Amino acid sequence: MKPPTPILVCFVASLVLLGQPQAPVNPEAAIQQDFQKRIGDYLKLRKTIEGPRLKPTASVEKIEHHEKEFAHKIREARRSARHGDIFSPEISSEFRRLIALAMQGPNAGRVEKSLRSAEPEVRAKVRVEVNHKYPPSVPLQSTPPTLLVNLPQLPPELEYRVVGHYLALMDSKANLILDYIPNAIP
């Protein structure tokens with residue numbers, strides 16, 4: 001009897017390996033990895049259109065003009081951007097889960113108190129849109145640190161903002177909303 005050929009041995013070994021149970025994929029890690037990829041894609045786009053930095057100035061007009069020009073370039077480059085491009089349904093669900101965890105932990109009282117500090121009538125009426133400025137009539141509320149601890153870390157160009165019941169993802173230099181999660185904040 002002839003010894004098996006190397007090709008046959010490899011084929012049989014492949015079948016045996018395919019029959020082995022695969023290590024389960026952590027679904028939360030996969031979702032966060034998808035989020036980081038989407039953020040990375042945006043940052044690549046942003047880098048191609050950023051242009052020269054504004055020289056240090058005390059001129060409010062120059063700063064506002066630079067911000068508006070940069071936001072306009074981003075809007076043009078993301079003309080087809082829609083809600084859910086970064087915060088997909090799966091990513092939104094994961095963020096809601098993470099926010100709910102922060103709202104249940106030992107710091108829940110501090111998070112709720114910080115969130116309630118926004119004017120109640122503003123929280124009820126505010127609406128955000130992709131590729132629009134942060135609503136100028138709404139105070140720029142920071143995201144409570146105890147809530148941020150549960151969310152994926154962002155690069156310095158981006159930030160989370162609580163806007164009413166929304167969690168918005170913003171480009172801080174352009175003052176532009178990139179995407180949002182409705183009803184993320186109780």
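How do α2 and α3 lie relative to each other, and which word describes their orientation? The two helices are oblique to each other, and there is plenty more to see around α2. Keep in mind that this is a predicted model. Its chain has 186 residues, with seven helices and three strands. Here is a quick tour, starting with the whole chain and then moving in on helix pairs and single residues.

**The chain as a whole**

- Starting from the N terminus, the elements run α-α-α-α-α-α-α-β-β-β, so you meet the helices before the strands when you follow the chain under the usual DSSP runs.
- Buried residues account for 37% of the 186 residues.
- Take the contacts with a separation of 6 or more: 65% of them come from residues 24 or more positions apart.
- The chain's accessible surface adds up to about 11,900 Å², and carbon and sulfur atoms hold 60% of that surface.

**Where α2 meets α3**

- Helix α3 covers residues 60-77, and α2 packs against α3 at an angle of about 125°.
- The axes of α2 and α3 are 10 Å apart.
- An angle of about 125° lies outside the 65 to 115 degrees that count as roughly perpendicular and is not over 145, the mark for roughly antiparallel, and α2 and α3 are therefore oblique to each other.
- As for handedness, α2 and α3 cross in a right-handed way.
- On the α2 side, the contact uses Y42, L45, R46 and I49, while α3 brings F70, K73, I74 and A77.
- Sort the residues of this contact of α2 with α3 by character and you get six nonpolar, no polar and two charged.

**Where α2 meets α4**

- Helix α2 takes in residues 27-49 and helix α4 residues 89-104.
- These two helices pack at about 115°, and their axes sit 10 Å apart.
- That angle makes α2 roughly perpendicular to α4.
- The crossing of α2 and α4 is left-handed.
- From α2, the residues that take part are E28, I31, Q32, D34, F35 and R38; in α4 they meet E90, I91, E94, F95, R97 and L98.
- The residues of the contact of α2 with α4 come out as five nonpolar, one polar and six charged.

**F35 and E90, two residues to find in the model**

- F35 belongs to helix α2.
- Is F35 buried or exposed? F35 is buried, because its relative accessible area is 0%, and buried means under 20%.
- Leaving out residues up to four places away in sequence, F35 touches I86, F87, I91, F95, P152, L154 and Y160.
- One of those partners, F87, is 52 residues from F35 in sequence, yet their C-alpha atoms are 7.3 Å apart in space.
- E90 is part of helix α4.
- E90 is partly exposed, at a relative accessible area of 48%.
- Measuring along the chain, E90 and F35 are 55 residues apart, and 9.6 Å separates their C-alpha atoms.

**Residues in the loops**

- Most residues other than glycine have a negative phi.
- N131 is not a glycine, but its phi is positive, at about 70°.
- You'll find N131 in the loop between α6 (120-125) and α7 (145-148).
- With a relative accessibility of 9%, N131 counts as buried.
- N175 also has a positive phi without being a glycine, in this case about 55°.
- The loop that holds N175 runs between β2 (166-171) and β3 (176-181).
- N175 is buried, because its relative accessible area is 16%, under the 20% cut-off.
- T57 sits in the loop between α2 and α3.
- T57 is partly exposed, with a relative accessible area of 29%.
- Setting aside neighbours within four places in sequence, T57 is in contact with K62 and I63.

Notes:
Residues are numbered from 1 along each chain as its sequence is written. This is a predicted model: local features need pLDDT of at least 70, side-chain atom pairs count only at pLDDT 80 or more; totals for chains, interfaces and linings use all residues. Side-chain values use heavy atoms; hydrogens and water are left out. Axes are lines fitted to C-alpha atoms, for helices over the stretch in contact, and angles run from 0 to 180 degrees between N-to-C directions. Helices (H or I, at least four residues) and strands (E, at least two) are DSSP runs, numbered from the N terminus. Angles under 35 degrees count as roughly parallel, over 145 as roughly antiparallel, 65 to 115 as roughly perpendicular and the rest as oblique. A crossing is left-handed if the near helix is turned anticlockwise from the far one by less than a right angle, and right-handed if clockwise. Contact means heavy atoms within 4.5 Å. Ala, Val, Leu, Ile, Met, Phe, Trp, Tyr, Cys and Pro count as nonpolar, Asp, Glu, Lys and Arg as charged, and the others, Gly among them, as polar. Buried means under 20% relative accessible area, exposed over 50%, partly exposed in between (1.4 Å probe, protein chains only). Accessible areas come from the Shrake-Rupley method with a 1.4 Å probe; for residues, only the protein chains shown count as cover.
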